[in-house]
Amino acid sequence: MPLERKILSCLAVLVIVTGLNGCKKEDTPQTSSGIKMWVTSTNKSSLLKEVTSNLFVENSARYSTILEIDTTKRFQEIDGFGFALTGGSADLIQNKLTKVQRDSLLQNLFSDNGIAVSYLRISIGASDLDDHAFTYNDIAAGQTDEALKNFSIASDKANLIPLLKDILKINPALKLMASPWSAPAWMKTNNSLKAGSLKPNYYQAYANYFVKYLKAMLEEGITIEAITLQNEPENPNNNPSMLMTAAEQALFVKKYLGPAFKAASITTKIIVFDHNADHPEYPIAILNDKEAADFIDGSAFHLYLGQVDALSKVHEAHPDKNLYFTEQWTGAKGNFSGDFNWHVKNLIIGATQNWARTVLEWNLASDSNFAPHTEGGCTECRGAITIDNGFTKNVSYYIIGQASKFVKSGSIRIASSTSQDLPNVAFLTPKGEKVVIVLNEQSEARNVSIKQGNKYISVTVGASSAASIVW
């Protein structure tokens, strides 16, 4: 090759590909088949799309922005990423889709060829996204049933339980968390499924109610990994709902539920709080009670109020207890761009950086009218899937998929560089793969070199996009 052409070739590599000040052998692009990257852009040009070009592994940084990971610095284990499978979601999936559509949806959600959801939250009795409010022991007004002779999970056998069995066939390792929205009305101070508190004289009956529920689900072949004591115990406005103070949760656990689980040889994890991050003092107060804490695995959070770093305050107070992020909605008035960026930044990255073992979005499926829901329940909760003459994937599908497809249950969060303009989090999977999730909220693409040891992986994260890099 003539000298002039050699010089031009070198310059082309420098200007177009690397931007480095030299033309050495190691500056030549070295695409590595061992690196994979999936991208979601808020303009929807890429929706969990695999990028197969311009992924480089080298001995020096290609780009000036460097994110460093350290596999030797390890933090919490990850249980999974997923959704709330409400009774309304189960109803829609079971009854509003053809068998072909239903099978396709479940593969999209739970198989490795889809987004491999690994964790679901279900309700003990109805949530506000069932078509009516109910518990498993509803009896006529004025009656009581302390022996729980009328207990039955028959209401779940129509849709929820058959659907769970089909999901478990696709992913037998799926984990389940169950949360009550209310105790039976006859156990409560106002004799209603909305608001009110649990009467102290029914604490034992309610503990037995949990035991019966877990045993009934196990008889169906469904193991519940964890329960929370009460969904949003500081919110009396939902339907169903029930108030529980921190002192009441501590007393209920240490004197009734914990001993009932122990007597029945139940190993399901007990998780407290399950409400907003503006009140970290609530779970801390419970965990400060050693007698209660002995039965408690950890605490759960939502982020409708407060900041996600409140989870770390609880971790610092009780580093031996686990943390879970269990609910955040996307609403009818939201938009893909704003919702995607906020949820990836605050939940997928923020919650896990603050010790959460799970990140769960609120509500797997709704119809185009945001139904079903109870009277007084959420009227604007957008499902991850809209079901109307088939199914459509919404923003929550891609929020969760950006992590669940790659960060399997049993993965460990590892250290990664803190960056204000490129929020990120890193994991080491059970197979030994490294996963880095990076969010670029800016209007221009960012070139990034990820440093691990003495090697660099160089990628481009598009404008207003999230990238999951796996190697």
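Trainee: Why are α3 and α5 called oblique to each other?

Mentor: In this predicted model, the axes of α3 and α5 cross at roughly 55° and come within 10 Å. Angles under 35 degrees count as roughly parallel and those from 65 to 115 as roughly perpendicular, and roughly 55° falls in neither range, so α3 and α5 are oblique to each other. The crossing of these two helices is right-handed.

Trainee: Which residues meet where α3 and α5 are in contact, and what is the make-up of that contact by class?

Mentor: From α3 come Arg102, Leu106, Gln107 and Phe110, and they meet Leu163, Asp166, Ile167 and Ile170 in α5. Sorted by class, the contact has 5 nonpolar, 1 polar and 2 charged residues.

Trainee: What makes the pair α6 and α7 oblique as well?

Mentor: Helix α6, residues 203-219, packs against helix α7, residues 246-263, at an angle of about 50°, with the axes 9 Å apart. Set against the limits of 35 degrees for roughly parallel and 65 for roughly perpendicular, about 50° lies between them, and α6 and α7 are therefore oblique to each other. Their crossing is right-handed.

Trainee: Which residues of α6 and α7 meet, and how many of the residues in contact are nonpolar?

Mentor: On the α6 side the contact includes Tyr203, Tyr206, Phe210, Val211 and Leu214, while the α7 side includes Leu251, Phe252, Tyr256, Leu257 and Phe261. The count by class for α6 with α7 is 12 nonpolar, 2 polar and 1 charged residues.

Trainee: Why is helix α2 described as largely enclosed by the rest of the structure?

Mentor: Buried means under 20% relative accessible area, and 7 of the 9 residues of α2, which spans residues 87-95, are buried, so the helix is largely enclosed by the rest of the structure. The buried residues of α2 are Gly87, Gly88, Ser89, Ala90, Leu92, Ile93 and Gln94. They pack against β5, α3, α5, β14 and β16.

Trainee: Why do β14 and β17 count as edges of their sheet?

Mentor: The open sheet has 3 strands in the order β14-β16-β17, with mixed pairing. Strands β14 (365-366) and β17 (391-393) each have a single partner strand, so one side of each is left without a neighbour in the sheet. Helix α3, residues 99-110, packs on this sheet, where it touches β16 and β17, and its direction makes about 20° with that of β17.

Trainee: How do you know that β16 and β17 pair?

Mentor: Pairing requires at least two bridges, and 3 bridges join β16, residues 385-387, to β17, the two strands running antiparallel. Isoleucine 385 stands opposite lysine 393 in β17.

Trainee: What makes β19 a mostly covered strand?

Mentor: In β19, residues 424-428, 5 of its 5 residues are buried. Asn424, Ala426 and Leu428 point one way and Val425 and Phe427 the other way, and all of these are buried.

Trainee: Which strands does β19 pair with, and in what sense?

Mentor: With β18, residues 412-416, β19 pairs in the antiparallel sense over 3 bridges, and isoleucine 412 has leucine 428 as its bridge partner in β19. With β20, residues 434-440, β19 is joined by 5 bridges, again antiparallel, and phenylalanine 427 has valine 435 as its bridge partner in β20. Strands β19 and β20 form a hairpin with 5 residues between them, and glycine 432 in the turn has a positive phi of about 90°.

Definitions and conventions:
Residues are numbered from 1 along each chain as its sequence is written. This is a predicted model: local features need pLDDT of at least 70, side-chain atom pairs count only at pLDDT 80 or more; totals for chains, interfaces and linings use all residues. Side-chain values use heavy atoms; hydrogens and water are left out. Axes are lines fitted to C-alpha atoms, for helices over the stretch in contact, and angles run from 0 to 180 degrees between N-to-C directions. Helices (H or I, at least four residues) and strands (E, at least two) are DSSP runs, numbered from the N terminus. Angles under 35 degrees count as roughly parallel, over 145 as roughly antiparallel, 65 to 115 as roughly perpendicular and the rest as oblique. A crossing is left-handed if the near helix is turned anticlockwise from the far one by less than a right angle, and right-handed if clockwise. Contact means heavy atoms within 4.5 Å. Ala, Val, Leu, Ile, Met, Phe, Trp, Tyr, Cys and Pro count as nonpolar, Asp, Glu, Lys and Arg as charged, and the others, Gly among them, as polar. Buried means under 20% relative accessible area, exposed over 50%, partly exposed in between (1.4 Å probe, protein chains only).
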